[in-house]
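Morning, everyone. Please put the model up on the screen, and we'll walk through a few places in it.

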Amino acid sequence: MTDDTEKTTHFGFTDIPETEKAGRVRGVFGSVASKYDVMNDAMSMGIHRIWKDAMMDWLAPRAGQKLLDVAGGTGDISFRFLKRAGSGHATVLDLTEPMLIEGRKRAEAGAMADSLEWIVGDAMALPFEDNTFDVYTISFGIRNVTRPQEALNEAYRVLKPGGRLMVLEFSQIPNPAMQWAYDRYSFNVIPAMGKVIANDRESYQYLVESIRKFPDQDTFLGMVRAAGFEQAKYRNLTLGVACLHSGWKL
Ligand SMILES: C[S@@+](CC[C@H](N)C(=O)[O-])C[C@H]1O[C@@H](n2cnc3c(N)ncnc32)[C@H](O)[C@@H]1O
């Protein structure tokens with residue numbers, strides 16, 4: 001007998017049962033892991049580095065802080081955080097083990113090994129006690145999570161009172177002409193680049209489609225507030241191509 005009430009969600013522009021999404025997302029990132037860092041530089045023309053630095057500027061890491069970097073992939077955010085903090089600890093958690101394996105191979109991972117931990121896990125069910133971390137980050141990760149509100153609720157749970165949430169994600173460009181130009185680039189160039197560099201057009205087709213399906217800045221701000229975060233705000237980056245959302249557990 002089929003279950004007519006099975007919940008569905010989107011995987012890019014395709015509707016799929018919710019129960020299949022994490023497996024498909026793991027397939028995408030498992031497939032691109034070894035080329036992930038090279039592709040990030042190629043498809044953003046290096047701009048993802050500026051956005052990640054902007055995240056650190058707003059976050060202003062302090063010595064001794066304990067970071068949880070969810071969907072941390074190959075470690076870009078954790079490395080930056082530890083460099084800026086000077087001392088502290090970062091836990092990189094990700095659904096896809098091959099991404100963490102690539103991260104551990106990076107020179108920064110060796111240099112900061114005593115301050116880093118790498119854990120396979122799901123943003124929607126974090127394997128940590130309540131009130132554990134000073135800072136929670138998720139960079140270009142939350143749009144891949146099956147139920148983003150549950151990830152935000154978990155972020156709130158594991159942060160200490162006084163703890164800070166910061167989300168970096170692609171967003172929606174408020175200007176229609178710019179959106180048109182950006183769509184031409186995203187849908188025509190990025191999957192083709194994925195084919196050439198990572199020999200994987202489909203994964204990069206999913207990535208650009210998933211950007212279109214993610215809520216706009218104000219809708220996502222409402223979700224951050226619904227999880228319990230206070231003083232929730234956002235800042236657009238590159239006219240809204242990406243966006244930072246910040247909130248506090250007070
Ligand atoms: C685009 S990469 C971002 C990596 C890194 N944070 C960065 O900014 O470069 C997205 C990552 O999210 C991870 N991810 C997707 N869904 C997840 C989930 N439910 N829980 C934890 N990680 C998840 C993927 O495995 C992938 O490594």
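Start with K52. Is K52 buried or exposed? K52 is buried, because its relative accessible area is 3%. Buried means under 20% relative accessible area, exposed means over 50%, and partly exposed is in between, with a 1.4 Å probe and protein chains only. K52 sits in helix 3, residues 47-59. Helices here are DSSP runs of H or I with at least four residues, strands are E runs of at least two, and both are numbered from the N terminus.

What does K52 touch, leaving aside neighbours within four places in sequence? The list is N40, D76, I77, R80, S139, F140 and L168. Contact means heavy atoms within 4.5 Å.

A word on the source. This is a predicted model, where local features need pLDDT of at least 70 and side-chain atom pairs count only at pLDDT 80 or more, while totals for chains, interfaces and linings use all residues. Residues are numbered from 1 along each chain as its sequence is written, and side-chain values use heavy atoms, with hydrogens and water left out.

Three of those partners, D76, I77 and R80, are in contact with K52, and they are among the buried residues of helix 4. Helix 4 covers residues 76-85, and 8 of its 10 residues are buried. The others in that buried set are S78, F79, F81, L82 and A85. Just after helix 4 comes G86, with a positive phi of about 85°.

Next, E169. Find it in strand 7, residues 159-170. E169 counts as buried because its relative accessibility is 3%. Which side chain does E169 pair with in a polar contact? The partner is R143, at 2.8 Å. A polar contact is a pair of N or O atoms within 3.5 Å; within protein, one must be able to donate a hydrogen and the other to accept it, and residues adjacent in sequence count only if both atoms are side-chain atoms. The E169 side chain also reaches the backbone nitrogen of I142, at 3.4 Å. Beyond four places in sequence, E169 touches several residues, including F140, G141, F214, A242 and C243.

Hold on to F214 as we turn to the domains. Domain 1 is 37-171 + 214-248, and domain 2 is 172-213. Those bounds come from an automatic or database domain assignment. The two centres, taken over C-alpha atoms, are 22 Å apart. Domain 1 brings 16 residues to the contact, and domain 2 brings 18.

How much area is buried between domain 1 and domain 2? About 1,500 Å², with 63% from carbon and sulfur atoms. Buried area is the accessible area (1.4 Å probe) that two parts lose on being put together, summed over both. On the domain 1 side, M39, M43 and F214 lose the most, together 38% of what that side buries. The rule finds 0 salt bridges across this interface. A salt bridge needs a side-chain nitrogen of Lys or Arg within 4 Å of a carboxyl oxygen of Asp or Glu. There are, however, 7 residue pairs in polar contact, both residues at pLDDT 80 or more. Helix 2, residues 36-44, gives the largest share of the domain 1 side, 4 residues.

Last stop, a contrast. M124 is buried, with 17% relative accessible area, whereas D15 is exposed at 61%. D15 lies in strand 2, residues 14-17. M124 lies in the loop between strand 5 (116-120) and strand 6 (133-139).
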